[in-house]
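Let's take a walk through this structure, going from ring to ring and helix to helix. Keep the 3D view open and click along as we go.

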Amino acid sequence: MATFLYRLGRLAFARRRLVTLLWVAVLAVCGVLAAKAPAAPDDGFAMPGTEAQKAFDLMNERFPGGHADGASARLVFVAPSGQKITAAPNEQAVERTVAELAHGEEVTGAVSPFKAGAVSKDGTTAYATVSYSVKAGELSKGATDALEQAAQHGRDAGLKVEVGGNALMAKPEAGGSSEMVGMALSAVVLVITFGSLVAAGLPLLTAVIGVGLGMALITALGSTLGLSSTTGTLAMMLGLAVGIDYAVFIVSRYRAELAEGRTPQEAAGRAVGTAGSAVVFAGLTVVIALAGLSVVGIPILAKMGMAAAGTVVIAVLVALTLVPALLGFIGRRVLPRKARNGAVQPKKENGGSRWARFVLRRPLAVLLGAVIGLGVLAAPALDLRLGLPGDESKPTSTTQRRAYDLLSEGFGPGFNGPLTVMVDAKGTPDPKAAAGEVAKTVSGLPGVVSVTPPMFNKAGDTALLNAVPATGPSAAETKDLVQTIRGHAAGLKTATGATILVSGTTAMNIDVSQKLTDALVPYLAVVVGLAVVLLLVVFRSVLVPLKAALGFLLSVAAALGAVVAVFQWGWLANLIGVEQTGPVMSMMPIFMVGVVFGLAMDYEVFLVTRIREGFVHGERPREAIVTGFRHNARVVTAAAFIMIAVFAGFIGMGEPMIKMMGLGLAAAVAFDAFVVRMTIVPAVLALLGRHAWWLPRWLDRLIPDIDVEGSKLQTAAPEPAPVRESVGV
């Protein structure tokens with residue numbers, strides 16, 4: 001492989017104009033296709049195989065026009081201090097507000113609280129539910145503006161009015177200012193690392209081109225492949241991350257080859273042949289992690305993973321072809337000014353080599369200290385509770401959070417998470433009797449505050465009733481209640497012949513959390529297993545891949561511990577603007593595994609391939625560790641700082657789920673890069689010595705020799721350039 005990539009790098013360098021024009025043409029064509037492509041559909045958050053999803057689908061079938069998955073809003077009205085909401089002036093103000101919305105755009109129903117009996121026992125609070133024909137996030141601006149204006153008219157009449165539900169839910173955005181801040185911080189880190197504006201700008205430029213091409217393809221194929229508008233979020237984040245990383249490693253190796261006295265074209269070929277080999281296999285580990293999201297069983301996660309994997313493949317191709325082509329235009333200007341006039345031998349000692357020697361002096365003590373430290377940080381993860389945070393986790397500055405609090409005060413905490421119980425009595429002799437028996441059974445269960453009368457469809461064979469729990473939507477007691485109701489379903493079916501299904505937002509969140517929890521172990525097995533096999537081929541070692549996987553699990557556990565401590569226990573929560581503690585987002589563990597595993601293996605491949613390169617070329621094991629750190633530790637550190645800066649930028653955003661993602665990913669990258677890869681890896685390699693590269697003979701014969709270290713390049717004579725070299729000076 002190294003020889004092939006070496007030739008590819010030299011060719012791209014020599015034919016730089018053609019290669020650059022081809023990439024520009026591909027980007028332009030994809031941009032045009034994206035601009036002309038029809039709008040991508042919103043495939044929602046379907047959860048095939050869950051009881052809640054089955055009930056949603058059945059509702060849409062049995063209650064046509066009911067829009068079970070449509071957006072909804074709850075207008076909460078509170079009378080002025082000392083007054084009742086049922087007082088004539090206040091009641092009239094509520095009626096006018098509801099009537100204003102009843103015939104509005106995309107509204108399918110808006111019922112007065114006085115007709116629906118939606119008034120608190122103390123008479124101070126009432127609520128009206130507004131139903132829409134489209135999903136949350138798809139409401140037109142006219143519909144949301146009308147909702148906000150109606151609420152304001154109620155306030156103008158002297159009432160306290162807040163809007164709950166998902167009608168005003170904004171789509172989480174991981175782009176915009178966060179990406180700009182991340183790019184700016186990345187530029188600063190790269191300038192400090194390379195000491196050259198040209199060298200710092202090239203990785204940023206190629207990463208933007210790769211992400212632009214990936215996003216254009218996702219948009220162009222969105223309608224054909226059913227990719228929603230949210231599919232590209234992960235692709236943009238990871239495409240930018242790995243695009244910068246891969247270009248940085250090739251540019252860094254190119255600079256090192258120039259410093260050893262090689263011509264620019266030869267340096268480009270060797271950079272792509274050595275660092276490019278690491279890029280290929282690092283990219284494959286990321287693709288494995290992302291494609292593995294398909295085993296989770298959630299369509300939107302599978303699509304996000306495949307779209308992001310495609311963007312990573314583009315980033316690898318850009319690094320192997322466009323980066324050496326652009327180096328052909330830059331030439332020696334990629335070096336600091338004082339190093340351009342001649343070959344400058346690389347320093348024998350730098351921060352990386354000094355750190356490696358420190359670890360090598362006391363490898364066992366360093367290893368134990370790092371493992372114990374990560375273990376302590378991971379301890380809170382033992383108390384991990386998963387869920388999908390709702391309005392209760394939003395800042396108190398939002399109307400959704402204020403509406404949630406007002407409903408809890410007026411009607412009880414469980415009122416914000418009612419359970420929808422569907423009674424499928426089709427084919428039974430007496431559907432009404434069956435629904436009545438279900439209502440009686442559910443209302444008698446501990447933890448149920450109230451049950452609404454059954455509401456039948458036009459055919460009269462299916463009924464819906466709402467059960468209000470005594471506890472909030474994210475409480476463990478509510479989850480137990482859902483399981484209790486489902487546990488009575490078999491007995492009720494025997495007694496009445498009707499099928500009982502529990503659904504609603506609260507039940508759906510519980511099902512999502514359970515499905516993601518169940519999928520975590522299979523996902524880990526698939527991703528880690530395939531990556532260990534891949535690293536076995538790369539490093540031709542049994543112990544190094546196992547060490548890499550175990551170190552990754554340590555860093556993810558420590559990062560999850562940090563998330564639990566902040567968002568579930570409330571430690572330092574005020575420091576980052578977390579106003580309400582609660583369960584950790586259900587997708588967080590799998591999301592962190594997928595994203596962080598890919599980045600962690602990047603650092604592992606880039607660092608350890610350089611160590612193995614030194615070992616293969618005749619250095620003793622400890623010397624090879626120092627050599628690898630002298631050449632690559634600085635660049636790995638820069639790449640990690642860039643990722644930490646990008647992810648940490650999301651901590652300052654208002655959406656709690658995005659805050660959680662930002663903290664979790666930033667912590668995971670920090671722990672993995674600096675504790676695992678920069679500390680545990682050299683300590684373990686030092687303790688193992690030559691045994692680190694042990695491989696059974698029978699396995700050695702089975703594994704292909706891909707020469708990722710570029711040992712064949714040491715004896716290969718430079719090939720003549722296809723065209724005359726002419727590089728910048």
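A good place to start is a small group of rings: Y127, F411 and F415 form one aromatic cluster. Look at Y127 from the other direction and you'll find a charge as well, since the charged end of R74 sits over the ring of Y127, 5.0 Å from its centre. Before going further, keep in mind that this is a predicted model.

How many aromatic pairs does the structure hold? The count comes to 10. One of them joins Y246 and F606, whose ring centres are 6.2 Å apart with 65° between the planes. That angle puts the pair in the edge-to-face class, because planes over 60 degrees apart count as edge-to-face. Now trace the backbone from each ring. Y246 belongs to helix α9 (residues 232-259) and F606 to helix α20 (residues 588-616), so this pair ties together parts that are 360 residues apart in sequence. Are these two rings buried or exposed? Y246 is buried, with a relative accessible area of 0%, and F606 counts as buried too, at 2%.

Stay with α20 and pick out another pair, F552 with F597. Their ring centres lie 4.7 Å apart and their planes stand at 80°, so this pair is edge-to-face as well. F552 sits in helix α19 (residues 543-568) and F597 in helix α20, so here the parts being tied together are 45 residues apart in sequence. Both F552 and F597 are buried.

That pair leads straight to the packing of the two helices. The axes of α19 and α20 come within 10 Å and cross at roughly 135°. This makes α19 oblique to α20, because the angle falls outside the parallel, perpendicular and antiparallel ranges. The crossing is right-handed. Which residues make the contact? On the α19 side they are V544, K547, A548, F552, V556, A559 and L560. From α20 come P589, M592, V593, V596, F597, A600, M601, E604 and V608. You'll recognise F552 and F597 in that list.

A600 is worth a click of its own. This alanine of helix α20 is buried, with a relative accessible area of 2%. Leaving aside residues up to four places away in sequence, A600 touches F552, D672 and R677. For a sense of distance, try A600 and V29: they are 571 residues apart along the chain, and their C-alpha atoms are separated by 34 Å.

The loops on either side of α19 hold two residues with a positive phi. R540, in the loop between α18 (505-539) and α19, has a phi near 50°, a positive value in a residue other than glycine. L572, in the loop between α19 and β11 (584-585), has a phi near 55°, again positive and again in a residue other than glycine. Which of them is buried and which exposed? R540 is buried, with a relative accessible area of 12%, whereas L572 is exposed, at 62%.

Now swing round to the start of the chain for another helix crossing. Helix α1 (residues 2-14) meets helix α10 (residues 264-291), with axes that come within 7 Å and cross at roughly 130°. The two are therefore oblique to each other, and α1 passes α10 in a right-handed crossing. α1 puts A2, L5, Y6, G9, R10, F13 and A14 into the contact. Among the α10 residues that take part are P264, A268, G269, V272, G273, G276 and V280.

Follow the chain out of α10 and you come to G297, in the loop between α10 and α11 (299-330). This glycine is partly exposed, with a relative accessible area of 30%. G297 touches P48 and K515, not counting residues up to four places away in sequence. Also check G49: G297 and G49 are 248 residues apart in sequence, yet 8.7 Å apart in space, C-alpha to C-alpha.

One last stop is D405, in helix α14 (residues 399-411). D405 counts as partly exposed, at 27% relative accessibility. Measure across to E392 in your viewer: D405 and E392 are 13 residues apart in sequence and 7.7 Å apart in space, C-alpha to C-alpha.

Terms used: Residues numbered from 1 in each chain as written. Predicted model: local features only at pLDDT ≥ 70, side-chain atom pairs only at ≥ 80, totals over all residues. Heavy atoms only, no water. Phe/Tyr/Trp six-rings, centres within 6.5 Å; stacked < 30°, edge-to-face > 60°. Helix = DSSP H or I, 4+ residues; strand = E, 2+ residues; numbered from the N terminus. Buried < 20%, exposed > 50% of the residue type's maximum accessible area, 1.4 Å probe, protein only. Lys NZ or Arg CZ within 6 Å of the ring centre and 35° of its normal. Axes fitted to C-alpha atoms, helices over the stretch in contact; angles between N-to-C directions. Parallel < 35°, antiparallel > 145°, perpendicular 65-115°, else oblique. Left-handed = near helix turned anticlockwise from the far one by under 90°. Contact = heavy atoms within 4.5 Å.
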